Amino acid sequence: DEYRAELLQLTGSRLADLIPSDKTQLIAGLVLSVRTMKTKKGTTMAIVTLDDASARVEATLFSGLYDSSRDVLVKDSIVVLEGKVEVDDFTGLNRITAENIYLLQDARENRLKELWLNFRADNVTADLPDKLKTILLGFQGGGCPVRMSYRQNGHSADFSLGEEWKVEASDELLNQLKIQFGPDFLTLRYH
């Protein structure tokens, strides 16, 4: 549940809303199961069942991708994959042929455009800059720009923190920010 909004923003659709296409799509979900089988050539491929609370879908990872991503395919992990959606002739349901697969953290690092911190006049306290600095210092050195938005009485100002404040947008950073400032304080914007 805590990742549902982020996954929707990252991929642009829920599993239930996937539309078959020849174009590569970005798809995300929780790994429910991984079944492996031998191909005619003797290599191993995998069928991964994903769930995002809107639907379940199976993704096929052929041997090359499966061999290079075994560590990503862990039950109950959230993964993001690039692949083609097609209708399974036998079941009539959507199925995915995966081309790439990533853990959510890796997909976030590669696709996150900016992390926004949203302030309103009524939630700004004198110690806010020190609290924010303390949290961000532990995650500096990443590739994600940090932007801030301040709202007061119908007026607003948006600004970027400098290059030295780019962060690694890890789950730990996001959780610390949400705990300290509240869940509405944070917005992730993807490419």
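Helices here are DSSP runs of H or I with at least four residues, and strands are DSSP runs of E with at least two. By that count, the chain of this predicted model holds five helices and ten strands. Its C-alpha trace spans about 65 × 30 × 25 Å along the principal axes. Of the 191 residues in the chain, 39% are buried. Contacts that reach far along the sequence are well represented: among those between residues at least 6 apart, 61% join residues at least 24 apart.

The strand pairing can be followed from β5, which covers residues 94–103. On one side of the account is β4, residues 78–87, which pairs with β5 in the antiparallel sense over nine bridges. Within the partnership of these strands, Leu81 stands opposite Ile101 in β5. β4 and β5 also form a hairpin, with six residues between the two strands. Gly92 lies in the turn of this hairpin and has a positive phi of about 80°. The other partner to consider is β3, residues 56–61, which runs parallel to β5 and is joined to β5 by three bridges. Here Ala59 is the residue that stands opposite Ile96 in β5.

Helix α3 comprises residues 104–111, and its buried residues are Leu104, Ala107 and Arg108. Seen down the axis of α3, these buried residues fall within an arc of 100°, so they line one face of the helix. What covers them includes strands β4, β5, β6 (112–120) and β10 (186–190), together with helices α1 (4–11) and α5 (171–181). The hairpin strands β4 and β5 are thus among the elements over the buried residues of α3.

Arg108 of α3 is also one of the residues around an internal space. The structure holds one cavity of 30 Å³ or more, and the largest cavity contains about 30 Å³ of space. Its lining consists of Arg108, Glu109, Leu112, Gly143, Cys144 and Ala169. The elements that give two or more residues to this lining are α3 and β7, residues 140–144.

The largest pocket is a separate topic, with a volume of about 340 Å³. Twenty residues line the pocket, and those nearest its centre are Arg4, Leu7, Asp51, Asp52 and Ala53. Two or more lining residues come from each of α1 and β1, the latter being residues 25–38. β1 gives the most to the pocket lining, with five residues.

Asp51, one of the residues nearest the centre of the largest pocket, can be examined in more detail. Asp51 is in strand β2, residues 44–51. Is Asp51 buried or exposed? Its relative accessible area is 17%, and because buried means under 20%, Asp51 counts as buried. The side chain of Asp51 makes a polar contact with the side chain of Arg56, at 2.8 Å. Leaving out residues up to four places away in sequence, Asp51 touches Leu15, Gly29, Leu30, Leu32 and Arg56. Arg56 therefore appears both in this set of touching residues and as the polar partner of the Asp51 side chain, and strand β3 covers residues 56–61.

Terms used
Residues numbered from 1 in each chain as written. Predicted model: local features only at pLDDT ≥ 70, side-chain atom pairs only at ≥ 80, totals over all residues. Heavy atoms only, no water. Buried < 20%, exposed > 50% of the residue type's maximum accessible area, 1.4 Å probe, protein only. Arc of directions from axis to C-beta. Contact = heavy atoms within 4.5 Å. Polar contact = N/O pair within 3.5 Å; in protein donor to acceptor, adjacent residues only side chain to side chain. Pairing = 2+ DSSP bridges. 1 Å grid on protein atoms, 1.4 Å probe; cavity = no way out; pocket = protein on both sides within 12 Å on 5 of 7 lines; lining within 4 Å. Points joined across faces, edges and corners; volume = space filled by probe spheres on them.
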